Structures are given as C-alpha cells and as structure tokens.
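Please load the model in the viewer and keep the selection panel at hand. The tour below moves from one selection to the next.

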Amino acid sequence: MRQSQLSTDHLLGIKYITKEDIELIFKTAESFKEVINRPIKKVPSLRDITIANLFFENSTRTKMSFELAEKRLSADVINFSSSSSSVKKGETLLDTVNNILSMKVDMIVMRHPAQGAPFFLSKHVDANIINAGDGTHEHPTQALLDSFSMVEKLGNLRGKKILIVGDIKHSRVALSNIFCLQKLGAQVMVCGPPTLIPKMIHLLGVKVEYDLQKALQWCDVANLLRIQLERQDIKYIPSLREYALYYGVNKKLLDSLDKEIIVMHPGPINRGVEITSDAADSDHSIILQQVENGVAIRMAVLYLLAGRREPEV
Ligand code: CP
C-alpha cells in the first residue's frame, strides 16, 4: 500500500528519510506542479499555518522558492535575515528562534552556515524544521528537486548514471544528491580536481573519476557544481581559469560525446568557470526547469510536514 504520510516531523537531510518518503514527496509535487500552472495558482491547504524563513546565509533561489511555495499554499509567512537582525548584537540561535516561536510560528525553514544547526533546533523547539542548507552538510530540498527533474526527463532513476562535477568537498548539494540518487537506485560518480574530492568518498558507494571527458562519456546526467570559494580556508586550485580549462563544461565538449546527456546546475552559476553560456543555455540544459520544480517540491514538503502536526484544540 502506498504511504500517505512522511515518516518524520522534520526535513533535516535526505540521509534521514526513506525511499518511500521521497516517492511520496514526488507524487505530491506532481499535483502541486499542476496547481502552479493553473490561472489561479493558490490553494488553501496551509491557511492556518505560520512559517518563518530564517536565513543566516545568503540565498536567492531557495529563499524565494520557499516563500513562493508557502504563499501558494496560503500560509502566513515571516522572513528573517541574520544580516539585519539582533544576531548582530550577540543573540544566540536558540534565543532568536524561541523569540520567533513565541509569536506562534508552526514551521521553520532555516539556512545556516553551521552543519547540524537545523538538527540542534529540532531537539529544542516545538516546530517542524526544514533544512534549507546547513554548512557543507545537506541541502535536502535541492536534492529532491534535482532528482524530481531527472525523473521527469528519464522516467525513473534505477540504474541511471548520474555524474556530479566540481567542489564535492564543500558541497551540501553533492552530499544530499548522493543520498537521494542512491535511494532511488541510480549509480553516482563524482569528478573534480583531487583536492576537491574527499579521500574517503568511495565509502559512500560512489565512483570517482578525475578525467572530465571520461566522466561525461559515462553519464546520462551531469550535475555541475560551483567552486565554493566562501567555504575554502586554503587554496585548493591554482586558479578559476585553470579549473575552467580542466573541469569546465562547454558546448564543444558536449557535442564531442557520442551520446546526448542532460546538464544540470543548482545555481548560482559562475558562467565561464564550471559551465560556459553556450552549454548552460543549450538544449542539453534543464537548469530553469530545476528552478520551476523547486516550488512544487517545496510545496509538497511543507504540505506533508504540516499534515503530521497535531490539530490545535
Ligand atoms: N541552489 C541554491 O541553494 O541557491 P541559493 O543559494 O541561491 O539559494
């Protein structure tokens, strides 16, 4: 029998949810994708729910996508950005959140530079917590929207070959994608400069390839990641120019393969570094479909987590 509820009250990472949870989120997102393509894009599902978006790190896509998803579900929404808050005056994370919760907030979407910050919150507050990216740990809704976009293109991911290229060492998108893709039965390969591939990554069951041409020839889908200079305390690559030379994807390289592959990128793109404009804007690319699917996936996650809340008396 198909599962009708998530197995968890929080979305802290893909590691902590099941394949059945992922399939339920995808099924629900399909319905919401249909809703957001109607002339009236709003449903009343979360009209009694208040959601706080707490962003302690910069974001364009994730923040706007969550906010739009919340509004499409008719939730009340409040936004918090650490750069303009009392965090600057020394307030702790727990004090900040408890103050926000005393305003009767039901769900928290949080991005934070510290790994485990959403997990910490989930142990101390009575609200559903959704991780919108915690340090170099996980970015679960990005992985869900990435896999959902791949399923739309490929049917299902069992046995499909998915390549992740770039700064694997500092990427929460890479880790969440690896967990999600493997739960859905895909084979995963990572590729990048040896300094940006964790030494023990093979223990997660992924293949490692340092030659981009060979890696692209192997895969059905290539998900290209940005070099995360803001998380690098030492120099891992000689220069961005050299990175682009060895690990940048361009249209000529894609055309030289003896098959068609799908190209993805979670954003933000550094055009001319991990991907050139002629590849990012080509027919191979589904980058903007990923962004569109992000709203439907986040609506599904919010809706399903709200369904686990006890009704208020
Ligand atoms: N993909 C992603 O997380 O982008 P933002 O940092 O703009 O949210």
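Two strands are taken to pair if DSSP finds at least two bridges between them. The model is a predicted one.

**First stop: strand β8.** Select residues 221-224, which form strand β8. Val221 and Asn223 point one way from this strand, whereas Ala222 and Leu224 point the other way. In a regular strand, side chains alternate between the two faces of the sheet. Are these four residues of β8 buried or exposed? All are buried.

**Second stop: the partners of β8.** Add residues 161-165, strand β5, which pairs with β8 in the parallel sense over four bridges. Within this pairing, valine 165 has leucine 224 of β8 as its bridge partner. Next add residues 262-264, strand β9; the pairing of β8 with β9 is also parallel, and it runs over three bridges. Here asparagine 223 has methionine 264 of β9 as its bridge partner.

**Third stop: the largest pocket.** Select Arg111, Arg172, Arg226, Gly267 and Pro268, which lie nearest the centre of the largest pocket among its 20 lining residues. The space in this pocket amounts to about 430 Å³. Then show α2 (61-72) and α6 (172-183), each of which supplies at least two residues of the lining. By class, the lining comprises nine polar, seven charged and four nonpolar residues.

**Last stop: the two domains.** Colour domain 1 (14-138 + 294-305) and domain 2 (140-291) separately. Where does the largest pocket lie with respect to these domains? Both domains give residues to the lining, so the pocket lies between them.

Conventions
Residues are numbered from 1 along each chain as its sequence is written. This is a predicted model: local features need pLDDT of at least 70, side-chain atom pairs count only at pLDDT 80 or more; totals for chains, interfaces and linings use all residues. Side-chain values use heavy atoms; hydrogens and water are left out. On a 1 Å grid over the protein atoms alone, a cavity is a set of points where a 1.4 Å probe fits but cannot get out, and a pocket is an open set with protein on both sides within 12 Å along at least five of seven lines; lining residues have an atom within 4 Å of a point. Grid points are joined across faces, edges and corners, and a volume is the space filled by probe spheres set on the points. Ala, Val, Leu, Ile, Met, Phe, Trp, Tyr, Cys and Pro count as nonpolar, Asp, Glu, Lys and Arg as charged, and the others, Gly among them, as polar. Domain bounds come from an automatic or database domain assignment. Buried means under 20% relative accessible area, exposed over 50%, partly exposed in between (1.4 Å probe, protein chains only).
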